[in-house]
Amino acid sequence: MGATESSDTVEISVSDPSGLEYDIQFDSEPFAEGKHRQCYTGVLSNPNSSKHNKKVVLKVFKPHHVHENGADYECVKDLERSIICHEHCVAFDRAMQAHSDYTIRIYFVAPLRINIKTPSNRSVKQLQKALRKKLNGIPIHNVPKYLTCQMYLTGLSEQNNYQKFTSNNGWTAINSDYQFLSAFSHFSWAKSKGKLL
């Protein structure tokens, strides 16, 4: 998979945890924005996969955040954090199965990796321009080796019953009556020996 252009252009592809690769096409305008990132939708393409034509979200770091930390660093952190979050969710769900009143499972959406292959014979400015073109004008502020994206959550439906309760900038859904979220927060703090919440 991946782009089929000549070797002197930027190529992008998406890899999922099973090792499948996808072509991808992104929308040019963000559909949401947070404190650190802007969010763009894209569509995966691999006719041999169940994720073919599924929407994904690319969260692009704003310039001030990239200059402080670097996008590659943050992508590695996203991947590391997703593994830890998934492990905490699985352990919490396992611990809560003994309680008959616990019917809601906690699930963390793992990111997919966007692989960026660049030719070595181009300047940084040329590579930035080529990458922006490949990403349909999305403003990438450097030329990373990869980015991360995640599957687009469709909200409440028969197959998917997702609801957002917190964000990484401190927002919490105050209208939620899900008391187990406090329990999960305490569980993650205890399991990590006070390092994570």
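1. In which strand does Thr148 lie? In this predicted model, Thr148 belongs to strand E7, and with a relative accessibility of 8% it counts as buried. Once its neighbours within four places in sequence are set aside, the residues in contact with Thr148 are Leu58, Lys59, Cys75, Asp78, Leu79, Pro111, Leu112 and Ile114.

2. As for the overall architecture, the protein holds four helices and seven strands, and their order along the sequence is β-β-β-β-β-α-α-β-α-β-α. Of the 197 residues, 32% are buried. The accessible surface amounts to about 12700 Å², and carbon and sulfur atoms account for 50% of that area. Among contacts with a separation of 6 or more, 58% are between residues 24 or more positions apart.

3. A second buried position that deserves a look is Asn115, which is found in strand E6, residues 112-117, and which counts as buried at 10% relative accessibility. Leaving aside neighbours within four places in sequence, Asn115 is in contact with Glu11, Ile12, Ser13, Val14, Ser15, Glu21, Lys145 and Tyr146. One of these contacts, Glu21, is separated from Asn115 by 94 residues in sequence, while the C-alpha to C-alpha distance between the two is 9.5 Å.

4. The geometry of helix H4 can be checked against expectation: at 1.5 Å a residue, the 12 residues that run from 180 to 191 should span 16 Å, and the end C-alpha atoms are indeed 16 Å apart, so the two values agree. The buried residues of H4 are Phe180, Phe184 and Ser188. Viewed down the helix axis, these buried residues fall within an arc of 80 degrees, and therefore they line one face of H4. An α-helix has 3.6 residues a turn, so residues three or four places apart point the same way. The face of H4 turned away from the buried side carries Ser182 and His186, which are exposed.

5. How many aromatic pairs does a search of the whole structure find? The search finds three. In one of them, the ring centres of Phe31 and Tyr152 are 6.0 Å apart and the planes meet at 65 degrees; since an angle over 60 degrees counts as edge-to-face, the pair is assigned to that class. This pair links distant parts of the chain, 121 residues apart, with Phe31 in the loop between strand E2 (21-26) and strand E3 (32-33), and Tyr152 in the loop between strand E7 (146-151) and H4. Both rings belong to partly exposed residues, with relative accessibility at 44% for Phe31 and a relative accessible area of 32% for Tyr152.

6. Tyr152 also takes part in an arrangement with a charged residue, as the charged end of Lys55 sits over the ring of Tyr152 at 4.5 Å from its centre. A reader inspecting the Phe31 and Tyr152 pair may therefore wish to display Lys55 alongside it, given its place over the Tyr152 ring.

7. Phe92 and Phe187 form an aromatic pair that is likewise edge-to-face, with 5.4 Å from centre to centre and 65 degrees between the planes. Because Phe92 lies in helix H2 (residues 71-96) and Phe187 in helix H4, the pair ties together parts that are 95 residues apart in sequence. Phe92 is buried, with a relative accessible area of 2%, whereas Phe187 counts as partly exposed at 21% relative accessibility. Together with Phe184, these two residues form one aromatic cluster, and Phe184 is itself one of the buried residues of H4.

8. Two backbone positions call for attention on account of their phi values. Asn136, in the loop between helix H3 (124-134) and E7, has a positive phi of about 60 degrees although it is not a glycine, and at 31% relative accessibility it counts as partly exposed. Lys193, in the segment after H4, also has a positive phi, near 55 degrees, in a residue other than glycine. At 74% relative accessibility, Lys193 counts as exposed.

Key: Residues numbered from 1 in each chain as written. Predicted model: local features only at pLDDT ≥ 70, side-chain atom pairs only at ≥ 80, totals over all residues. Heavy atoms only, no water. Buried < 20%, exposed > 50% of the residue type's maximum accessible area, 1.4 Å probe, protein only. Contact = heavy atoms within 4.5 Å. Areas by Shrake-Rupley, 256 points an atom, 1.4 Å probe, with all protein chains shown as cover. Expected span 1.5 Å × (residues − 1). Arc of directions from axis to C-beta. Phe/Tyr/Trp six-rings, centres within 6.5 Å; stacked < 30°, edge-to-face > 60°. Lys NZ or Arg CZ within 6 Å of the ring centre and 35° of its normal.
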